[in-house]
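Please look through the structure below slowly, from its general make-up to single residues. The paragraphs that follow are meant to be read with the structure in view.

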Amino acid sequence: MEQPHSRSRPLPPYRGILAVDAKDFTGHPAVQHGSISRAVPQLMRTSFERAGIAEVWEDRRFPDSTGDGYVFGFDPAFLPFVVHPWLAVLQDVLTEFNTHSAGVAHIRLRASLHVGPLPDTGDAFDGNGTPRNDTHRLLDSRPVKAVLAASSAHVTQVAAILSDRCYQDAVAGGYTGRHPDHFIEVPATVEGKRFAQRAWLYVPMPSGDLYDRRVLGDRVVDDQEKRRPDGGSRRRTAGRGAAAAPRSAVRADRSNVNSGTVYGGQSVSNIAPGRDHVGGDRVEVGGDRVEVGGDHIGGDHIGGDHIGGDYVRGGKAGTVHGNQGDTVHGDKHEGDR
């Protein structure tokens, strides 16, 4: 047996690694397991042919059925084409299959993509190594499972997760026909396993409220927004539709603190460092609260049955002209009924 670090030797050839797994395989009756195991590689072959890259399937390396899925290696030159259009074509092929195959189990697939050096000499044990192990860990990771479970079984048939290396080479490098904004960064972790990697979700046909904080984790969302040079938020979407923005909060000295969701109240606060609180410019949508210089200029508080006039206290820097409070004519509760 070769000992690591004992001598220098050539790297094995780099291979793209693709693994797919059927959602809720064990949840189907045992009598259907065989038909699902046979159908998965057939559906993959059909989708590669329709995507115009049949050679990826025909020339696959160290292929293996996993019972509820399939895994194989391929020439990494095709990696951009496997990301797109193949994943989108696989979505279409599964949609057709699930719509027209009466009496056959509904098949939805998770897919993971990675790239790295793996033995490929024609030996029976080819394809074993850390890149392949990581590919299976990505496939079993929490984000890709959660995103498929959160989507509509009538619409979303495929959810894919790319390793960071795959994403950086094929997507960020500009080689694939999908913009980086079609992908969303996630922390890939597997319950009960010592595995945690940066990865990227891609859903060719999204549906439902896919990207909430329980899927992404606040830390990842915060890190994404902090990387923006303007300090603003950037929502990544997946596939052909936009997903809901996760609830998050990002703080920077002398800049806005933005928290909330696109569906509820959203607040923006200006926090100055080195002081307990300088009220500065707090806006709440869904309750319109405005604070300036630590003072309260009420502004249209809507909550329960109260549509408030304004409350003004404390000294103001400068001169305030005009009516500081809102004037409400007629019944203040009109419209709440």
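Two strands are said to pair if DSSP finds at least two bridges between them, and with this in mind one can say that isoleucine 184 stands opposite leucine 201 in β7. In general, the strands of a sheet pair through backbone hydrogen bonds, either parallel or antiparallel. The model shown here is a predicted one, and its secondary structure comes to eight helices and 15 strands. Of the 337 residues in the protein, 41% are buried. Among the contacts with a separation of 6 or more, 61% are made by residues 24 or more positions apart.

We can now turn to the sheet. In what order do the seven strands of the open sheet stand? The order is β2-β3-β1-β4-β5-β7-β6, and the pairing is mixed. The edge strands are β2 and β6, the latter covering residues 184–189, and each of these pairs on one side only. From one strand to the next, the twist averages 25 degrees.

At the edge formed by β2, this strand pairs with strand β3, residues 69–74, in the antiparallel sense over three bridges, and arginine 61 has glycine 73 in β3 as its bridge partner. Helix α4, which spans residues 130–139, packs on the sheet and touches β1, β2, β3, β4, β5, β6 and β7, while its direction makes about 155 degrees with that of β4. Helix α5, residues 142–149, also packs on the sheet, where it touches β4, β5, β6 and β7, and its direction makes about 160 degrees with that of β5.

Which residues of α4 are buried? They are Pro131, Arg132, Asp134, Thr135, Leu138 and Leu139. When one looks down the axis of α4, these buried residues fall within an arc of 160 degrees, so they line one face of the helix.

Towards the other edge of the sheet, β5 and β7 pair in the antiparallel sense over four bridges, and β6 and β7 pair in the antiparallel sense over six bridges. Leucine 201 in β7 has a part in both descriptions, since isoleucine 161 stands opposite leucine 201, and isoleucine 184 stands opposite leucine 201 as well. The strands β6 and β7 form a hairpin with six residues between them, and glycine 192 in the turn has a positive phi of about 80 degrees.

The aromatic side chains deserve a look of their own. The count of aromatic pairs comes to 11. In one of these pairs, the rings of phenylalanine 48 and phenylalanine 72 have their centres 6.0 Å apart and their planes at 65 degrees, and because planes over 60 degrees apart count as edge-to-face, this pair is edge-to-face. The pair links distant parts of the chain, as phenylalanine 48 belongs to helix α1, residues 33–50, and phenylalanine 72 to strand β3, 24 residues apart. Both phenylalanine 48 and phenylalanine 72 are buried. They also belong to one aromatic cluster, which is formed by Phe48, Trp57, Tyr70, Phe72, Phe74 and Trp86. The ring of tryptophan 57 has a further partner, for the charged end of arginine 60 sits over this ring, 4.0 Å from its centre.

Some details of the backbone remain. Most residues other than glycine have a negative phi, and most peptide bonds are trans. Phenylalanine 62, which is found in strand β2, residues 61–65, has a positive phi of about 35 degrees although it is not a glycine. Histidine 5, in the segment before β1, likewise has a positive phi, here of about 65 degrees, although it is not a glycine. Are these two residues buried or exposed? Phenylalanine 62 has a relative accessible area of 12%, and because buried means under 20%, this residue is buried. Histidine 5, by contrast, has a relative accessibility of 84% and therefore counts as exposed.

The last stop is helix α3, which covers residues 79–100 and holds proline 85. The peptide bond from histidine 84 to proline 85 is cis, with omega near 20 degrees. Asparagine 98 is found in helix α3 too, and with a relative accessible area of 16% this asparagine is buried. Leaving aside residues up to four places away in sequence, asparagine 98 touches Ala105, His106, Ile107 and Gln157.

Methods
Residues are numbered from 1 along each chain as its sequence is written. This is a predicted model: local features need pLDDT of at least 70, side-chain atom pairs count only at pLDDT 80 or more; totals for chains, interfaces and linings use all residues. Side-chain values use heavy atoms; hydrogens and water are left out. Helices (H or I, at least four residues) and strands (E, at least two) are DSSP runs, numbered from the N terminus. Buried means under 20% relative accessible area, exposed over 50%, partly exposed in between (1.4 Å probe, protein chains only). Contact means heavy atoms within 4.5 Å. Axes are lines fitted to C-alpha atoms, for helices over the stretch in contact, and angles run from 0 to 180 degrees between N-to-C directions. Rings of Phe, Tyr and Trp (its six-membered ring) pair if their centres lie within 6.5 Å; planes under 30 degrees apart count as stacked, over 60 as edge-to-face and the rest as tilted. A charge sits over a ring if NZ of Lys or CZ of Arg is within 6 Å of the ring centre and within 35 degrees of the ring normal. The arc is that of the directions from the helix axis to the C-beta atoms.
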